[in-house]
Amino acid sequence: MSAPVISLDDVSVRFSSGFGPTRRTVRAMDHVSFDIAPGETLGLVGESGSGKSTTGAVVLGLQRPDEGVVRFEGAPLARDLRSRAGRIQAVLQHPRWAVDPRSSVIDAVLEPLLVGARRSPASVAQARRMLDAVGLPASFDQRRPHQLSGGQLQRVSVARALVTRPAFVVFDEAVSALDVSVQAQILNLVQDLQREHAFAALFISHDLAAVRYISHRVAVMRHGRIVELAPTSVFYDSPAHPYSRQLFQELTS
Amino acid sequence: MSAVTIRDLALEFDGSPPVRALDGVDLEIAEGSSLALVGESGSGKSTVASVLGRLQPRSARILRGSVEVAGTDVLALDTPALRRFRRDELAFVAQDPIASLDPTMRIGRQLQLVLQSTGRDASPARRVEMLEAMRIADPERVIPLFPHQVSGGMAQRIAIALALCRRPRLLVADEPTAALDSQVREEVVRLMFDQARALGTTILWLSHDLPAVARWCDDVAVMYAGRVVERGRAADVLGAPVHPYSRALAATDPSRIGEGERLVSIPGAPPVLHGEATGCAFEPRCPLRTDACAHTRPHPVAPRATLCIRTDELRRRVRESEVSA
């Protein structure tokens with residue numbers, strides 16, 4: 001196997017709230033370790049409050065771990081966000097919040113490219129090619145977000161995330177707000193684009209069926225710990241940990 | 001007796017050109033049963049639900065058809081009667097639980113107001129009981145909170161308690177679990193169904209969560225472009241769909257497919273109608289279309305009221321494939 005794109009080594013994150021005797025500490029991540037290889041999707045499932053989104057924030061470098069190390073392409077994740085601009089990208093649950101309502105579709109997709117370079121015919125062409133890849137023809141270029149459906153807008157956010165050819169993409173509940181049929185389109189789209197661009201992906205969702213469909217390996221989180229991490233085929237069959245069994249039996253019943 | 005009877009309901013939203021949201025809906029829900037209305041966004045599910053309480057926006061014009069809920073002709077009610085009807089017979093549970101509660105009022109106060117309106121006991125003890133019935137642990141802690149201070153799952157349970165405490169005849173739940181995570185989702189749906197069944201309340205559940213629909217509802221009606229294209233027992237319609245659209249919809253559900261299989265998504269998007277569809281509205285996206293489909297308006301074919309001119313042929317095929325499987 002090739003060197004991992006991102007690796008978490010024994011990462012812990014604690015949040016505390018309250019003051020004085022009512023002060024409480026929550027372990028959002030409790031000694032979490034995993035690697036993701038190029039071209040691989042790791043699915044991350046678990047109930048609300050299990051630490052899924054904190055894990056997402058940590059691998060994006062938005063949350064510093066209290067303990068442990070996050071490595072991106074072999075080196076510890078630098079504090080400087082700009083140093084990896086475009087190398088790590090995210091697709092979030094609500095496309096309406098991810099895209100500037102005043103910007104046109106083509107500008108939205110172009111924006112990540114303009115972090116390090118000036119607008120040029122080449123960058124516009126690159127954005128255009130990406131929009132073609134997600135199935136939005138040139139007639140969409142000048143439309144604004146309110147003129148698009150939820151599914152089309154989620155395609156724009158996928159295009160926006162992948163236009164910089166990132167090494168690593170985090171999908172946090174990226175299909176949860178979509179219709180079943182649109183969800184299938186986006187899942188297939190992500191699969192195809194990954195085959196082409198070989199990015200590593202972390203697919204965070206509470207939708208077990210979608211996670212199982214898109215992931216190569218699945219990690220099940222509970223109370224900040226990873227209770228099981230196994231190839232997806234295990235989850236079609238019989239997961240080892242009782243909690244994962246309980247989660248996945250819903251699908252087969 | 002049926003709790004809901006909708007006959008040939010057609011509705012347009014004003015505009016230039018007007019948008020035809022419902023194009024001849026026929027729907028019947030038996031008293032005390034549960035029916036799931038499934039379909040893509042824009043298929044008209046929510047419009048049907050709003051017409052049941054005559055809650056459709058002002059820009060909507062009903063062109064023809066009738067709507068009866070529990071024997072009442074909803075479209076003919078005058079204002080005081082309509083108000084009474086909405087209060088006594090109907091209850092709604094909306095998608096966003098926190099937005100459906102009053103943000104300026106503590107939860108205990110909201111429970112009190114609704115309980116008072118029933119003319120029954122509204123004492124603090126009764127309020128605690130109501131929350132306990134919804135399996136909310138530690139109700140005394142929850143009662144003085146504001147809606148933004150509780151979790152989505154808890155807010156939805158409170159909304160369901162509020163909806164059901166007037167013992168409505170019909171509960172309309174518009175994607176009540178779409179905003180919740182899977183574990184809480186299961187529990188909220190179970191509570192909603194248990195409580196409604198205990199009261200004999202009929203449930204209309206709008207959803208695109210097909211596995212959950214198959215597990216919980218007695219019947220399913222599949223909507224497409226403002227018409228019900230197939231309806232029947234949930235296990236039949238989702239397990240062995242006949243209409244090409246129901247089939248395509250069932251095939252997009254990732255929990256049904258095995259390892260290594262690929263989801264088949266429906267190409268294109270649902271149409272926006274500007275008048276009565278002359279043929280089958282699904283024809284442009286249908287893998288099984290024939291030349292006749294574009295200009296023959298399909299009529300319901302028994303036993304599942306399938307709106308497809310090739311129903312007989314397709315039913316035979318479904319039966320064969322069941323035998324081979």
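## A tour of the predicted model, from loops to core

Begin by selecting B:P17, which lies in the loop of chain B between strands β1 (2-13) and β2 (19-30); bear in mind from the outset that this is a predicted model. Show the backbone one residue back as well, since the peptide bond from B:S16 to B:P17 is cis, with omega near -5°. Staying in chain B, move to B:P303, in the loop between α11 (244-251) and α12 (311-324), where another cis peptide bond joins B:A302 and B:P303, with omega of about 0°. Both sites deserve a look because most peptide bonds are trans.

Next, select B:R135, in the loop of chain B between α5 (124-133) and α6 (139-142). The phi of B:R135 is near 55°, a positive value in a residue other than glycine. Then cross to chain A and select A:E173, which sits in the loop between β7 (168-172) and α6 (180-197) and whose phi, a positive value in a non-glycine residue, is likewise near 55°. Is each of these two residues buried or exposed? Around A:E173 there are 20 other C-beta atoms within 10 Å, so A:E173 is buried, whereas B:R135 has 12 within that distance and is therefore exposed.

With A:E173 still in view, widen the selection to the whole of chain A, which has nine helices and ten strands. Its C-alpha atoms fill a box of roughly 55 × 45 × 40 Å along the principal axes. The radius of gyration of chain A is 19 Å, which agrees with the value near 18 Å that a compact globule of 253 residues would have. Of those 253 residues, 43% count as buried, and among contacts between residues at least 6 apart in sequence, 68% join residues at least 24 apart.

Now go to A:V109 and display what surrounds this residue: leaving aside residues up to four places away in sequence, A:V109 touches A:A127, A:M130, A:L131, A:V156, A:A159, A:R160 and A:V163. A:V109 is also one of the residues that touch the most other members of the largest nonpolar core, a set of 159 residues, together with B:L171, B:V220 and B:V222. The largest share of this core, nine residues, comes from helix α7 (residues 152-164) of chain B.

Finally, select the contact between the chains, which takes 20 residues from chain B and 19 residues from chain A. On the side of chain B that touches chain A, helix α8 (residues 182-199) gives the most, with four residues, and by class this side has six nonpolar, eight polar and six charged residues.

Technical notes. Residues are numbered from 1 along each chain as its sequence is written. Chains are lettered from A and ligands numbered from 1 in the order in which they are written. This is a predicted model: local features need pLDDT of at least 70, side-chain atom pairs count only at pLDDT 80 or more; totals for chains, interfaces and linings use all residues. Helices (H or I, at least four residues) and strands (E, at least two) are DSSP runs, numbered from the N terminus. The radius of gyration is taken over C-alpha atoms; the globule rule is 2.2 Å times the number of residues to the power 0.38. Two residues are in contact if their C-beta atoms, placed from the backbone, lie within 7 Å. A nonpolar core is a set of buried Ala, Val, Leu, Ile, Met, Phe, Trp, Tyr and Cys residues joined through C-beta atoms within 7 Å. Ala, Val, Leu, Ile, Met, Phe, Trp, Tyr, Cys and Pro count as nonpolar, Asp, Glu, Lys and Arg as charged, and the others, Gly among them, as polar.
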